[in-house]
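Here are a few notes to read alongside the model. Please keep the structure open while going through the points.

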Amino acid sequence: MSSIRPFCAVLLALSLGGPALAASDPPSPRASASGASEYGAPIDLQRFMGTWYVIGRVPNFIERGHVASVNEYTLREDNKVGIVYRYREGFSAPQQEVRARASVDADSGNHAWRTWFYRIVPTHSRVLEVAPDYSWAMIGYPGREMAWIFARQPDMDKALYKELAERLRDEYGVNTDKLKRVPQHPDQVGKLGYEVPNVR
């Protein structure tokens, strides 16, 4: 796959100097006797698995300019998760994919994930919040420099997207000035608030 080499180069560079993707262990969330962590109620990993469309994100080195972005999660033994990230550089471009694996910290209520890309660089992410019916999710990184809004469907109501973006800003301290919607359909390209594809 043509994207593997630059992708690895970016990850190695970030591991050496990138604050948002530091390889050091993040502070462990405190868990209460009820099993709820400082992030809220525990995440049901079985329900979290499956397909998530990337509705919005703070553009980053790895994903910038991708359209039709989708994450597929598969639960394995011992709280291990297989991840496949699928995307296109533009709607006329072929679909590409990146595979990764993650280890989920059960003591965090399954909110804290440690992910490896190409078995080289470990990165840390946090499931900040999930809808009661698991129809959307908000994902963050230590340092609050990157964030994502996921949904089970490729479309999200504007009012809901605005509400989630405001919660990322007000409740989780994310700089949402950089938050962009990800085009999931060709007719979204060029619209206000959407990320510009790499290939147009």
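**Notes on rings and charges**

1. In this predicted model, the charged end of arginine 101 sits over the ring of tryptophan 116, at 4.7 Å from the centre of that ring. A second arrangement of this kind involves arginine 181, whose charged end sits over the ring of tyrosine 161, 4.5 Å from its centre.

2. Turning to rings that pair with rings, the count comes to 7 aromatic pairs. For tyrosine 141 and tryptophan 148, the ring centres are 5.4 Å apart and the planes meet at 50 degrees, so the pair is described as tilted, because a tilted pair has planes that are neither under 30 degrees apart nor over 60.

3. Both partners of this pair can also be looked at for their accessibility: tyrosine 141 is buried, with a relative accessible area of 11%, and tryptophan 148 is buried too, with a value of 8%.

4. Aromatic residues also come together in a group, since one cluster is formed by Phe48, Trp52, Tyr73, Trp113 and Phe150.

5. Is glutamate 195 buried or exposed? Its relative accessible area is 5%, and because buried means under 20%, glutamate 195 counts as buried. This residue lies in the segment that comes after strand S9 (180-181).

6. The side chain of glutamate 195 makes a polar contact of 3.0 Å with the side chain of arginine 57. Leaving aside residues up to four places away in sequence, glutamate 195 touches several others, including Arg57, Glu63, Arg64, Lys180 and Arg181; the last of these, arginine 181, is the residue whose charged end sits over the ring of tyrosine 161.

Conventions:
Residues numbered from 1 in each chain as written. Predicted model: local features only at pLDDT ≥ 70, side-chain atom pairs only at ≥ 80, totals over all residues. Heavy atoms only, no water. Helix = DSSP H or I, 4+ residues; strand = E, 2+ residues; numbered from the N terminus. Buried < 20%, exposed > 50% of the residue type's maximum accessible area, 1.4 Å probe, protein only. Polar contact = N/O pair within 3.5 Å; in protein donor to acceptor, adjacent residues only side chain to side chain. Contact = heavy atoms within 4.5 Å. Phe/Tyr/Trp six-rings, centres within 6.5 Å; stacked < 30°, edge-to-face > 60°. Lys NZ or Arg CZ within 6 Å of the ring centre and 35° of its normal.
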